[in-house]
Amino acid sequence: MADFKRDGSHLMSCAPVEKWDDWVEYDPAAWPRRVKKHYQLVPTICFNCESACGLLAYVNKETGEIDKFEGNPRHPASRGRLCAKGPATINQIHDPDRILYPLKRNGPRGSGQWTRTSWGEVLETFGTRMRKAIQEGRGEEIMYHVGRPGHDFIMDRTLQAWGIDGHNSHTNVCSSSARFGYLLWHYADRPSPDHANARFILLLSSHLESGHYFNPHAQRIIEGKMAGAKLAVMDPRLSNTASMADYWLPTYPGTETAVLLAIAKIILDENRFDAAFVKTWTNWEELELPGFRAQGQPFEAFVEALKRHYAVFTPEFAEKESGINAEVIVKLAREIAEAGSRFASHLWRGSASGNLGGWQTARALTLLHVLTGSVGTKGGHNLNAWNKFVPKPFAVPPPQKRWSELLYPQEWPLSTHEMSFLLPHFLKEGRGRVDAYFTRVFNPVWTYPDGFSWIEMLRDESKIGLHAALTPVWNETAWFADYVLPMGLSSERHDLMSQETHAGKWLGFRQPVHRTLRQRDGETFDYSYEANPGEVWEEDEFWINLSWAMDPDGSLGIRQWFESPYRPGQKITTDEYYGWIFENSVPGLPDAAKKENLTPLQYMRKYGAFEVTTDVYRQNEKTLTSAEISNSKVELNGVITKDGKPIGVMAEGKPLVGYGTPSRKLEMFSKTMADWKWPEFALPEYYRSHIHRSAREISLGMTAGDFDAQHMPTVDWPEDARGEVYTLLPIFRLPNLIHTRSGNAKFLYEIAHKNPLWVNPTDAANLGGIRTGDLLKVHTEIGYFVLHAWITEGLAPGVVACSHHLGRWRQNQDGQLERMSSAWVDLQQLAPGQWKMRQVESVRPYKSSDPDTKRIWWSEAGVHQNLTFPVHPDPVSGMHCWHQMVRVEKANKDDCYGDIFVDTNRSFNVYQKWKVLTRPAPGPNGLRRPLWIPRVVRPEESAFYLKH
Ligand code: SF4
């Protein structure tokens with residue numbers, strides 16, 4: 001038996017790198033005969049979620065085809081292991097329905113009529129149109145909208161080379177709420193927990209099965225557990241992760257912050273906090289509360305004021321709010337205090353993205369790390385910026401001078417990301433138009449709330465001039481595009497990837513496998529589509545060539561940014577782009593390559609990943625260099641400034657780097673919140689979500705005693721909405737699916753293909769004795785959907801749940817969306833704004849070039865609940881608050897499984913109702929948003945000021 005190793009490497013049987021050029025396996029299909037198969041193994045990076053795990057493509061030496069994908073043992077984060085979605089890349093590569101050539105619409109928008117076109121025609125059409133927009137000063141009418149990101153930096157660079165403010169993303173329906181809570185503390189907007197070395201792990205997520213960076217995290221959570229760490233999972237739903245925990249804490253949705261603040265109170269009251277850390281590394285001297293000002297007072301006075309402030313958060317209060325037993329909360333607090341600097345946690349979506357004010361959950365969670373002194377420690381809470389490596393390219397264009405109000409409107413001056421899910425409403429309000437629209441691996445009609453408002457916008461040529469969907473697979477949004485442009489999967493494209501997966505920094509290289517292999521054999525290629533299936537391309541080369549098409553003579557100043565650093569005046573190649581980065585921007589890589597007589601590019605093509613450093617803890621304690629200190633000054637509060645900008649802080653008597661906040665410390669007290677009209681939230685606070693019980697009572701016409709009307713919008717039910725009121729949790733993932741892109745992965749759909757409504761047995765009885773499989777009708781504020789019930793004790797009474805991962809649909813019987821994963825629907829517009837969808841035919845076997853499609857045995861595609869959700873923009877973070885108050889009744893005899901009805905007039909009204917909760921810019925000095933808060937593709941500073 002192999003020696004036991006904590007990282008589990010004794011259980012792996014990955015091909016060793018010295019055998020990658022000729023790896024031999026027996027062909028399982030030939031069993032019981034022993035037939036050898038010879039493979040060449042080429043590393044790349046998985047494209048099926050954000051974790052960026054390392055793949056090895058097994059290229060069959062006889063056929064030249066990729067036969068399978070397994071894990072790359074040289075990848076520092078995934079270490080040879082994958083989830084089910086990684087190997088399923090093979091299904092996507094060989095998908096018989098995949099888009100192989102660029103397509104152009106040849107009928108009315110949304111009619112589903114397409115004709116094949118050439119990449120040359122696409123570049124000419126968009127290049128000419130975008131050149132004109134820029135020349136006419138309409139640069140903001142060009143918009144790039146990303147779903148699944150990749151290639152860190154190249155897109156930012158491209159947009160800034162064009163001089164436009166045109167980057168839109170999906171982040172405000174995903175993670176911006178948690179990001180906001182984190183960044184208020186320490187500028188870094190994501191945590192990087194060191195699970196492997198922790199003694200206590202608290203997850204407000206389902207990280208053993210899904211979620212952000214979950215495969216690398218799951219490995220390390222298990223390592224931590226095997227070394228004795230306790231695991232607590234706070235989740236209203238009994239996820240697979242919760243089932244593995246020492247504590248399952250099924251909070252009533254939206255009350256998680258109350259529990260966390262109760263834990264903080266216990267740690268404070270029992271004086272089990274790390275006083276030295278809090279005193280040195282928080283901005284406690286800036287604390288101001290009614291009747292108390294910490295400045296000039298001893299630290300002890302601050303501690304007493306803090307205890308008084310949080311006195312209301314007794315375990316009993318938290319129990320009343322959340323349903324979690326007070327004794328359990330006390331026990332948990334003591335275990336966390338005991339873990340001290342080895343307390344790790346994670347929060348990404350869940351509570352943060354479901355609730356009005358969900359960003360406070362991240363603030364309250366980080367408060368626990370600050371109190372336990374577990375920020376930046378081994379086994380503690382580290383910062384994404386310390387563990388993610390983003391190398392710089394050869395030249396960086398200057399920031400744009402413009403500011404797009406379609407992306408960062410004045411109502412949400414603190415939003416961490418673009419208010420992307422409100423785009424249809426912004427255009428309906430006449431705030432602008434989009435002349436050239438690129439959606440990149442992005443399917444808002446399906447993944448966003450209020451998809452019918454997206455359809456109305458996408459069909460309207462006065463609002464969206466020309467739309468190209470850059471996508472590896474058919475999706476509901478591409479149906480309404482003018483061009484559908486096939487982009488490569490993980491083995492068909494270049495990208496650089498790095499994520500904050502653990503205590504270390506690494507860089508991964510996604511590469512087109514066939515092109516790489518053929519180049520090794522001496523072939524040359526101008527473009528990746530020459531080696532890919534059909535004419536599937538990749539974005540890097542597309543943007544480079546589009547930029548040249550926009551500026552063929554260089555007169556716009558765009559082309560210069562896409563010229564080779566090695567061959568002046570010539571168009572840059574991907575080999576040159578990445579080669580330059582590997583030679584110049586990745587510390588240690590040139591030396592590692594040299595030791596093997598390889599160039600840095602050859603090294604990355606060979607191994608697919610590089611570990612940059614494992615020295616990542618306590619980066620705030622780095623001493624400023626003498627060059628950095630030169631010409632700086634120390635302000636009265638200890639902040640070290642240079643050219644008017646903070647660069648560090650005096651702490652422990654030394655000039656240290658500190659954090660990226662204005663005080664360069666962990667900001668327990670946020671002056672930014674006070675200055676930007678939210679003084680009541682200057683400290684981590686609990687406020688009640690839009691689905692809190694009191695809001696539920698109000699929605700039923702009752703008076704709730706302590707309902708906070710100032711922060712909470714009311715719910716107006718449609719006249720025909722009947723049934724009991726419940727809180728719907730609509731955002732949990734199924735571990736094997738990938739939003740849009742798993743639709744063509746037969747392995748994955750065979751595993752899971754249903755998204756019934758989870759209902760507690762008590763509620764099932766209240767609903768008239770419903771049973772698993774019965775049809776239910778779920779009413780939202782703007783419509784309804786019909787689906788099956790699943791009776792389970794895996795969530796509390798009063799709460800129902802449905803995964804967002806299913807419910808794909810197509811309008812053609814025979815294509816333009818994968819038939820193994822989608823229902824053929826009849827979509828009708830009954831009146832302006834009134835949409836009805838009914839499933840005509842669900843999944844069934846069909847004939848294709850893949851014999852397995854004849855063997856499909858499942859017959860459900862799920863129900864698309866997101867269509868029936870109105871937008872809920874949080875007035876502070878701008879995040880869409882996903883949880884819904886719904887009414888549930890037994891379906892009527894006229895209702896069918898999968899039925900959807902929506903009134904977009906109502907959704908526009910809900911948008912208006914949430915908008916009035918905001919407190920718009922300007923802030924201090926006429927600013928649109930605080931200068932210190934990060935902004936995606938940041939414009940120059942002058943653009944931050946409103947001009948009157
Ligand atoms: S976690 Fe799974 S889907 Fe995500 S990158 Fe890793 S293998 Fe791919």
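The following conversation concerns aromatic pairs, charges over rings, the ligand shell and one buried helix residue in a predicted model.

Student: How many aromatic pairs does the structure hold?

Tutor: The predicted model holds 53 aromatic pairs. One of them joins phenylalanine 509 and tyrosine 578, with 5.3 Å from centre to centre and 55 degrees between the planes, and this pair is tilted.

Student: Which parts does that pair tie together?

Tutor: Phenylalanine 509 belongs to strand S21 (residues 505–510), while tyrosine 578 belongs to helix H20 (residues 574–584), so the contact ties together parts that are 69 residues apart in sequence.

Student: Are those two rings buried or exposed?

Tutor: Phenylalanine 509 counts as buried because its relative accessibility is 0%, under the 20% cut-off. Tyrosine 578 has a relative accessible area of 1%, so this residue is buried too.

Student: What about tyrosine 603 and tyrosine 607?

Tutor: Tyrosine 603 and tyrosine 607 form a tilted aromatic pair, at 4.6 Å centre to centre and with 50 degrees between the planes. Both residues lie in helix H22 (residues 600–607); they are four residues apart, so about one helical turn separates them. Both tyrosine 603 and tyrosine 607 are buried.

Student: Which residues do ring pairs link into a cluster?

Tutor: The cluster linked by ring pairs consists of Trp119, Phe126, Tyr144, Trp162, Phe438, Tyr483, Tyr527, Tyr529, Trp537, Phe542 and Trp543.

Student: Turning to charges, what lies over the face of tyrosine 58?

Tutor: Lysine 68 does, at 4.6 Å from the ring centre. In addition, arginine 741 lies over the face of phenylalanine 47, at 5.2 Å from the ring centre.

Student: Now the ligand. Where does the ligand sit?

Tutor: The second largest cavity holds the ligand.

Student: Which residues are around the ligand?

Tutor: The surrounding residues are Cys46, Asn48, Cys49, Ser51, Ala52, Cys53, Leu82, Cys83, Lys85, Gly86, Phe214 and Asn215.

Student: What is the make-up of that shell by class?

Tutor: The shell around the ligand has seven nonpolar residues, four polar residues and one charged residue.

Student: One last topic: where is alanine 264?

Tutor: Alanine 264 is found in helix H7 (residues 256–269). With 0% relative accessibility, alanine 264 counts as buried.

Student: How far apart are alanine 264 and threonine 314?

Tutor: In sequence, alanine 264 and threonine 314 are 50 residues apart, and in space they are 9.9 Å apart, C-alpha to C-alpha.

Methods. Residues are numbered from 1 along each chain as its sequence is written. This is a predicted model: local features need pLDDT of at least 70, side-chain atom pairs count only at pLDDT 80 or more; totals for chains, interfaces and linings use all residues. Side-chain values use heavy atoms; hydrogens and water are left out. Rings of Phe, Tyr and Trp (its six-membered ring) pair if their centres lie within 6.5 Å; planes under 30 degrees apart count as stacked, over 60 as edge-to-face and the rest as tilted. Helices (H or I, at least four residues) and strands (E, at least two) are DSSP runs, numbered from the N terminus. Buried means under 20% relative accessible area, exposed over 50%, partly exposed in between (1.4 Å probe, protein chains only). A charge sits over a ring if NZ of Lys or CZ of Arg is within 6 Å of the ring centre and within 35 degrees of the ring normal. A residue is near a molecule or strand if one of its heavy atoms lies within 4 Å of it. On a 1 Å grid over the protein atoms alone, a cavity is a set of points where a 1.4 Å probe fits but cannot get out, and a pocket is an open set with protein on both sides within 12 Å along at least five of seven lines; lining residues have an atom within 4 Å of a point. A molecule sits in a cavity or pocket if more than half of its atoms lie within 2 Å of its grid points. Ala, Val, Leu, Ile, Met, Phe, Trp, Tyr, Cys and Pro count as nonpolar, Asp, Glu, Lys and Arg as charged, and the others, Gly among them, as polar.
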